[in-house]
Amino acid sequence: MAGFIAGILTSSAALADGGKPLDGLRGAIEPSGLSIEAEYTGEWVSAHQGAADGKSFFLDNVNVLVNWDLEKAFGLKGTTLYMNVLGNSGDRPNDRIGTLEGVSNLEVADGRFKVYEFAVEQAFGDNTSVSFGYIDLNAHFYATDASGLLVGPPYGIGTELAATGSNGPSIFPSTSLALVGKFKPTENSYLRVGVFGARAHNWGDPGSSNNFNEGSLVIAEAGLTSRGLLALGGWRYTDKVAAYRPTGPAASIQPWGIYGLVEQPLIESETGPSVTGFVRAGVSDGDTSDFTGSFSAGFLVDRALPGRPNSQFSLGVRHAYVSDQFKDTARSNGDTPKSGESGVEVTVADQLTSSISLQGSLHYAPNPGAVKSAEDALISSVRLTVAF
């Protein structure tokens with residue numbers, strides 16, 4: 001208790017010295033192998049053109065990540081326990097804006113606090129590890145660092161995978177029980193394999209808590225990291241689901257997909273702007289969801305603003321290809337479908353203090369919803385993030 005109180009008092013001193021509010025607490029619990037990170041993000045989204053023209057929305061996110069090094073605490077070699085607590089609230093801007101892929105990766109259908117991840121990782125030497133628990137699939141698969149600043153959901157994970165499963169795969173905002181293995185054959189290569197419950201469901205989510213009552217989602221990814229990233233991945237569900245057929249009898253198949261990732265440094269500098277480009281593409285079976293594939297590309301600039309070493313700028317373009325099922329549904333509703341939905345995002349961010357960062361984004365989506373009658377959407381957003 002004395003150490004905890006001392007940590008709180010030290011936190012006050014850290015703030016005065018330009019540190020983070022929880023720095024003192026971190027120092028107090030570090031000898032026991034514990035570490036904690038906490039962050040609050042508030043976002044203001046405004047529509048300047050399109051179905052939501054003139055409307056504004058607010059949404060926010062609280063994220064608390066706790067890691068416990070059990071080797072340091074109890075001598076369990078290579079063992080780490082981690083927990084990620086997530087809290088979301090606020091508006092649902094895309095209900096009014098009407099894009100297929102979304103404009104904010106903070107938006108959720110049902111905002112509340114939850115234990116988002118809770119898992120144990122066991123390392124076997126420096127090259128092999130296994131994790132078990134509630135795990136975010138996108139933390140290990142189908143991810144590129146260079147697209148991470150962009151706030152649009154498709155820059156996190158491909159839409160053709162994100163749209164699968166009765167409650168989505170094990171990604172934000174709900175995860176499922178999973179087993180993930182990671183192996184590094186060489187210093188510059190890796191192989192990852194995961195088995196996830198097909199139905200994402202955290203404690204307190206509505207519906208059945210059995211993540212495996214609809215089978216499993218099996219995913220694997222292999223990559224080279226000698227200079228940037230070159231990776232190929234594939235996924236498949238173990239249970240069959242209804243497949244759409246425009247004519248003839250319906251069928252049942254196992255949903256599947258493959259994807260590729262490329263991330264390469266374009267300009268390298270230790271003091272000036274550095275530029276990293278990315279390309280991401282995936283295809284799926286095209287018969288079990290509204291999407292047959294997706295594509296995104298762009299670049300990230302570090303040290304983007306003169307005299308601002310933590311400033312960043314990013315640009316991304318995206319396109320999601322819609323399925324025959326989507327097109328026929330659109331026609332039955334009296335709309336004229338397009339081949340897919342496109343969008344462009346530009347964003348700039350800077351760290352104002354050790355605890356506070358600010359980010360502004362601009363999104364443009366022609367004919368959102370992939371129907372020709374929809375007016376083009378122009379959206380801006382501003383994010384304030386406070387790290388504790």
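**Close-up views of a predicted model**

**View 1. Arg303 sits in a loop between two strands.** Arg303 counts as partly exposed, at 22% relative accessibility. Buried would mean under 20%, and exposed would mean over 50%. Arg303 falls in between, so it is called partly exposed. The model shown here and in the other views is predicted. The loop that holds Arg303 runs between strand 14 (291–302) and strand 15 (312–322). Look at the backbone too. Arg303 is not a glycine, yet its phi is positive, at about 55 degrees.

**View 2. Tyr142 is a loop residue with a positive phi.** The phi of Tyr142 is about 55 degrees, although Tyr142 is not a glycine. Find Tyr142 in the loop that links strand 5 (128–135) to helix 5. Is Tyr142 buried or exposed? Its relative accessible area is 1%. The cut-off for buried is under 20%, so Tyr142 counts as buried.

**View 3. A cis peptide bond leads into Pro173.** The bond in question runs from Phe172 to Pro173. Its omega is near 10 degrees. Pro173 belongs to the loop between helix 5 (159–162) and strand 6 (176–183).

**View 4. Gly87 is a buried residue in a strand.** The strand is strand 3, which spans residues 79–90. Gly87 has a relative accessible area of 3%. That is under 20%, so Gly87 counts as buried. Which residues does Gly87 touch, once its neighbours within four places in sequence are set aside? They are Asp60, Asn61, Val62, Arg112 and Phe113. For a distance to trace, go from Gly87 to Pro206. These two are 119 residues apart in sequence. In space, their C-alpha atoms are 16 Å apart.

**View 5. Strand 9 pairs with strand 12.** Strand 9 covers residues 229–237, and strand 12 covers residues 256–267. How do the two strands run? They are antiparallel, and eight bridges join them. Pick out Leu230: Val262 in strand 12 stands opposite it. In a regular strand, side chains alternate between the two faces of the sheet.

**View 6. A hairpin takes strand 12 into strand 13.** Six residues make the connection between these strands. Strand 13 spans residues 274–284. It runs antiparallel to strand 12. How many bridges join strand 12 to strand 13? There are 10. To find one pair, start at Tyr259, whose bridge partner in strand 13 is Gly282. Strand 12 therefore has strand 9 as one partner and strand 13 as another.

**View 7. Stepping back, the whole chain holds six helices and 18 strands.** Its radius of gyration is 22 Å, close to the 21 Å that the globule rule gives for 388 residues, so the chain is as compact as a globular protein of that length. The C-alpha atoms fill a box of roughly 70 × 45 × 45 Å along the principal axes. Of the 388 residues, 43% count as buried. Now consider contacts in the chain with a separation of 6 or more. Residues 24 or more positions apart account for 59% of them.

**View 8. The chain's surface and charges complete the set.** The accessible surface comes to about 18,000 Å². Carbon and sulfur atoms supply 59% of that area. The chain has 26 positive and 41 negative charges. How far apart are the mean positions of the two groups? They are 3 Å apart.

Key: Residues numbered from 1 in each chain as written. Predicted model: local features only at pLDDT ≥ 70, side-chain atom pairs only at ≥ 80, totals over all residues. Heavy atoms only, no water. Helix = DSSP H or I, 4+ residues; strand = E, 2+ residues; numbered from the N terminus. Rg over C-alpha atoms; globule rule 2.2 N^0.38 Å. Buried < 20%, exposed > 50% of the residue type's maximum accessible area, 1.4 Å probe, protein only. Contact = heavy atoms within 4.5 Å. Areas by Shrake-Rupley, 256 points an atom, 1.4 Å probe, with all protein chains shown as cover. Lys, Arg positive; Asp, Glu negative; His and termini not counted. Charge placed at Lys NZ, Arg CZ, Asp CG, Glu CD.
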